[in-house]
Amino acid sequence: MGEKFKSWIPLLVSFLSLALAGVSAAYQFNESKRYSSNTHQVLINSAELAKYDLKLLDYKVSAGNTDMRYGELNVQLDSLKQNLETIKDVDPTTLPKTDSINYQVYRQDLNTVVKLSEDAANSLRKDRTQTVNNDDNLDLDISTRPQFDTTVARLKQVLNQDEQGLKQHKNLYHVNYSKVEFND
């Protein structure tokens, strides 16, 4: 019986190795799916938070009085930047192909939202010759508010489009960019 048992040991070890490899592969696959699913939800949450910050910016400008300071807008601008930094922490190399392109498109769109929001807020500053300061007075007269509103409305539209595309599991590149034609 000892000799027969010794011949089964290599088979048993091989079987256990295969079983462990299978369990490890299944675990890795599930973790990858979970990371992809979590990342997808992070992108949707990010779009919702960015839209909220834009709504607050728009509200502050439309309801603001003539002695409003830049720092009151900077709170939302900083929140938008923190949102972008959170998105930058995602590792796109671990995402499936469709999630990877959605991540790249959304990150690019959010970066544009941040930059254009900053530009729109800076354009409201009375003295734009100096570097930005939270104590800068804002020029909130009837001629400056509509341009700000238009910019914010367009940025919210981009974020809405991204959010809806993500919720419907669409390819954001096809939704946002593939139809753009350039005249040569």
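**View 1. Thr-39 is a buried residue, with a relative accessible area of 6%.** The model shown here and in the other views is predicted. Thr-39 counts as buried because its relative accessible area of 6% falls under the cut-off of 20%. This residue belongs to helix H1, a helix that covers positions 2–63. Apart from residues up to four places away in sequence, Thr-39 touches Val-90 and Leu-95.

**View 2. Ser-79 of helix H2 and Asp-53 are joined by a side-chain polar contact.** The distance of this contact is 2.7 Å, and on each residue the side chain takes part. Between the C-alpha atoms of Ser-79 and Asp-53 the distance is 7.2 Å, while 26 residues separate the pair in sequence. Ser-79 is partly exposed, with a relative accessible area of 27%. It is not classed as buried because 27% is not under 20%, and not as exposed because 27% is not over 50%. Helix H2, in which Ser-79 lies, spans 70–88.

**View 3. Tyr-106 is among the residues with the most contacts inside the largest nonpolar core.** Leu-54 and Leu-73 are named with Tyr-106 in this respect. Once neighbours within four places in sequence are set aside, the contacts of Tyr-106 include Leu-43, Ser-46 and Ala-47. Ile-87 is also in contact with Tyr-106, as are Leu-159, Asp-162 and Leu-172.

**View 4. The largest nonpolar core contains 33 residues.** At least two residues of this core come from each of helices H1 (2–63), H2 (70–88), H3 (97–122) and H4 (145–167). The greatest contribution is that of H3, which gives eight residues. Leu-54, Leu-73 and Tyr-106 have the most contacts inside the core.

**View 5. The whole chain, given for orientation, has five helices and zero strands.** Read from the N terminus, the order of elements is α-α-α-α-α. The chain has 184 residues, and 34% of them count as buried; Thr-39, from the first view, is a buried residue. Of the contacts between residues at least 6 apart in sequence, 74% join residues at least 24 apart. The exposed area of the chain is about 12,000 Å², with 55% of it supplied by carbon and sulfur atoms.

Key. Residues are numbered from 1 along each chain as its sequence is written. This is a predicted model: local features need pLDDT of at least 70, side-chain atom pairs count only at pLDDT 80 or more; totals for chains, interfaces and linings use all residues. Side-chain values use heavy atoms; hydrogens and water are left out. A nonpolar core is a set of buried Ala, Val, Leu, Ile, Met, Phe, Trp, Tyr and Cys residues joined through side-chain atoms within 4.5 Å. Buried means under 20% relative accessible area, exposed over 50%, partly exposed in between (1.4 Å probe, protein chains only). Helices (H or I, at least four residues) and strands (E, at least two) are DSSP runs, numbered from the N terminus. Contact means heavy atoms within 4.5 Å. Accessible areas come from the Shrake-Rupley method with a 1.4 Å probe; for residues, only the protein chains shown count as cover. A polar contact is a pair of N or O atoms within 3.5 Å; within protein, one must be able to donate a hydrogen and the other to accept it, and residues adjacent in sequence count only if both atoms are side-chain atoms.
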